[in-house]
Amino acid sequence: MCKIGKFFLKLLGIFVALNAVLFVVFFFDLDGKLLFNVVEPFLKKHYDDMPRKDVIKQPYEMDKFPQYK
């Protein structure tokens, strides 16, 4: 019975510690700060350098739709 009690106490301690860590992440908005400061600049750099087709220079005809590639 003592081993089961120790197991549940360890499990409860792990749960409390995990809950505390998740609360700190939520309270200080650490996930949003990570996305804004790390992920977003990487994505901006990647997608801003992509070559894009200029749709303004494409001729417009009423009967035909543009061919997107």
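# Two helices and a nonpolar surface patch

Leu34, Leu35, Val38, Val39, Phe42, Leu43, Tyr47 and Met50 form a nonpolar patch on the surface, with a combined accessible area of about 740 Å². A patch of this kind takes residues with over 30% relative accessible area and no salt bridge, and joins nonpolar side chains (Val, Leu, Ile, Met, Phe, Trp, Tyr) within 5 Å, while like charges are joined within 9 Å. The model is predicted: local features need pLDDT of at least 70, side-chain atom pairs count only at pLDDT 80 or more, and totals for chains, interfaces and linings use all residues. Residues are numbered from 1 along each chain as its sequence is written, and side-chain values use heavy atoms, with hydrogens and water left out.

**Chain and exposure**

- The chain has 2 helices and 0 strands, where helices (H or I, at least four residues) and strands (E, at least two) are DSSP runs numbered from the N terminus.
- Of the 69 residues of the chain, 0% count as buried; buried means under 20% relative accessible area, exposed over 50%, and partly exposed in between (1.4 Å probe, protein chains only).
- About 7400 Å² of the chain is exposed, and carbon and sulfur atoms supply 71% of that area.
- Accessible areas come from the Shrake-Rupley method with a 1.4 Å probe, and for residues only the protein chains shown count as cover.

**Helices**

- Helix H1 covers residues 2-27, and its 26 residues should span 38 Å at 1.5 Å a residue; the end C-alpha atoms are 37 Å apart, which agrees.
- The expected span is 1.5 Å times one less than the number of residues in the helix.
- For the 19 residues of H2 the expected span is 27 Å, and the end C-alpha atoms are 26 Å apart, which agrees.
- H2 bends by about 35° at Val39, with a proline, Pro41, following within four residues; the bend is the angle between axes fitted to the seven residues ending at a residue and the seven starting there.
- Tyr47, one of the patch residues, lies in helix H2 (residues 30-48) and is partly exposed, with a relative accessible area of 42%.

**Loop between the helices**

- Asp29 is in the loop between H1 and H2, and its phi is positive, at about 55°.
- Most residues other than glycine have a negative phi.
- The relative accessible area of Asp29 is 42%, so the residue is partly exposed.

**Salt bridges**

- The structure holds 2 salt bridges, each a side-chain nitrogen of Lys or Arg within 4 Å of a carboxyl oxygen of Asp or Glu.
- Glu40 and Lys44 form a salt bridge at 3.6 Å, N to O; both lie in H2, 4 residues apart, about one turn of the helix.
- Glu40 is partly exposed at 30% relative accessible area, and Lys44 is partly exposed at 47%.
- Lys57 pairs with Asp54 in a salt bridge, with the closest N and O atoms 3.9 Å apart.
- Lys57 is exposed at 70% relative accessible area, whereas Asp54 is partly exposed at 38%.

**Aromatic residues**

- The whole structure contains 3 aromatic pairs, and Phe23, Phe27 and Phe28 form one aromatic cluster.
- Rings of Phe, Tyr and Trp (its six-membered ring) pair if their centres lie within 6.5 Å.

How values were computed:
Phe/Tyr/Trp six-rings, centres within 6.5 Å; stacked < 30°, edge-to-face > 60°.
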